Amino acid sequence: MAPLPIALLAAALAVGLRLLATRRSSADRARLADASLLERYVRLPADAISSVRLALLALGVIAVALASGSGGTEARRLDESGAETILLLDASNSMLAGDVEPSRLQIQRELAARLATRLEGRIGVVYFAGRAYVLSPLTTDVSAIEMLAEGVRPAAVGLGGSSLASGLTQAIDLLAGGEEGAKKSIVVFSDGEETAGQPFGEAIGRARDAGIVIHAVGIGTTAGGQIPLTREASLDPTMAARRRGGASVLQGPDGNPVVTKLDEASLTEMTTATGGRYVRGDEGIAEIDDELARGTRDPVTSTDDLAVAVLLLLAFVSLWGEGFLLPRG
């Protein structure tokens with residue numbers, strides 16, 4: 001909503017204009033004809049405006065000013081404070097595991113979308129599995145980022161495996177093209193597994209040298225779970241060869257079901273090296289939220305919508321009463 005001082009200033013201006021208009025109207029009538037003649041044939045406003053009418057006018061203007069300062073839930077972020085953040089989302093098949101309910105993938109979607117509404121500055125999105133893709137460059141369009149966070153799935157990448165190194169490299173490259181001097185961060189949502197055999201030490205070193213802070217949200221359990229072959233699974237030839245006999249879960253070369261486990265060591269390694277935070281997804285993302293979301297805009301809630309409706313109703317009643325209901329003389 002608009003700040004109260006601005007609303008008060010608008011009300012004072014409206015009252016002043018009303019008083020000025022009344023005085024000029026009185027002067028114009030005096031030049032037009034004799035006052036006694038006008039009063040006989042024309043019903044005119046009283047020269048003096050009652051304090052009640054002025055109060056209603058001021059109240060109506062204040063209500064309109066406060067209500068007009070509210071935005072909708074689809075508004076773009078206005079605070080471009082210089083912060084730049086990449087959401088690095090795990091689209092590997094292991095995220096389909098159900099060792100956390102309803103699945104690792106769904107928890108990632110919910111947490112990433114929630115964080116996107118709280119982040120300040122510009123946000124980008126990178127998916128990774130066996131390779132990484134930039135889904136969105138740095139932008140302030142919150143709605144687009146939420147849509148991408150909620151749409152992450154293995155089938156969107158199309159190459160099995162999991163390469164944290166390629167994901168980090170893409171995220172760092174994306175931030176390298178951003179604003180110089182901006183506060184740069186990467187938030188990794190993953191189970192931490194690295195099956196592509198690519199060490200990510202070099203990527204961590206690049207991030208540290210560039211002043212990029214890496215935070216991580218670990219999703220899954222250390223006990224692990226099997227990987228169901230749902231419609232959202234990647235269907236690349238590598239995985240199809242391991243889907244033997246129409247099995248409903250992913251199998252290894254030995255024919256046994258693959259068990260995927262949360263690898264917290266890899267996630268804490270990258271956060272510790274860059275001064276970031278590591279949290280487990282089942283514990284929420286409050287710490288990372290607090291670290292990255294200082295000074296951000298809150299999305300408009302139903303409470304805000306109700307307040308706007310009340311203010312607009314108050315404005316209508318006040319201005320209607322001032323303009324039409326009260327006697328004018």
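These notes cover strand S5, its neighbours and the nonpolar cores in a predicted model.

1. Strand S5 spans residues 213–218. Five of its six residues are buried, so by the cut-off of under 20% relative accessible area the strand is mostly covered.

2. On one pairing, S5 runs parallel to strand S4, residues 183–190, and six bridges join the two. Within this pairing, Ser185 has Val213 of S5 as its bridge partner.

3. The connection between these strands involves helix H7, residues 201–209: S4, H7 and S5 together form a β-α-β unit, and the unit is right-handed.

4. S5 also pairs with strand S8, residues 278–280, again in the parallel sense, over three bridges. Here Tyr278 of S8 is the residue opposite Ala216.

5. The largest nonpolar core holds 35 residues, and those touching the most other members are Leu87, Leu89, Leu115, Tyr127, Val187, Phe189 and Val217. At least two residues of this core come from each of strand S1 (83–90), helix H4 (104–116), strand S2 (122–128), helix H5 (142–150), S4 and helix H10 (286–292). H4 gives the largest share, with seven residues. In soluble globular proteins, nonpolar side chains tend to be buried together.

6. Val187 shows what such a position looks like in detail. Leaving aside residues up to four places away in sequence, Val187 touches Thr85, Ile86, Leu87, Leu88, Leu115, His215, Val217, Ile288 and Leu292.

7. There is also a second core of 26 residues, separate from the one above; Ile86, Ala171, Ile212 and Tyr278 are among its members. Tyr278 is thus listed in this second core and also stands opposite Ala216.

Note on methods:
Residues are numbered from 1 along each chain as its sequence is written. This is a predicted model: local features need pLDDT of at least 70, side-chain atom pairs count only at pLDDT 80 or more; totals for chains, interfaces and linings use all residues. Side-chain values use heavy atoms; hydrogens and water are left out. Buried means under 20% relative accessible area, exposed over 50%, partly exposed in between (1.4 Å probe, protein chains only). Helices (H or I, at least four residues) and strands (E, at least two) are DSSP runs, numbered from the N terminus. Two strands pair if DSSP finds at least two bridges between them. A crossover is right-handed if, with the strands pointing away from the viewer, the path from the first strand over the helix to the second runs clockwise. A nonpolar core is a set of buried Ala, Val, Leu, Ile, Met, Phe, Trp, Tyr and Cys residues joined through side-chain atoms within 4.5 Å. Contact means heavy atoms within 4.5 Å.
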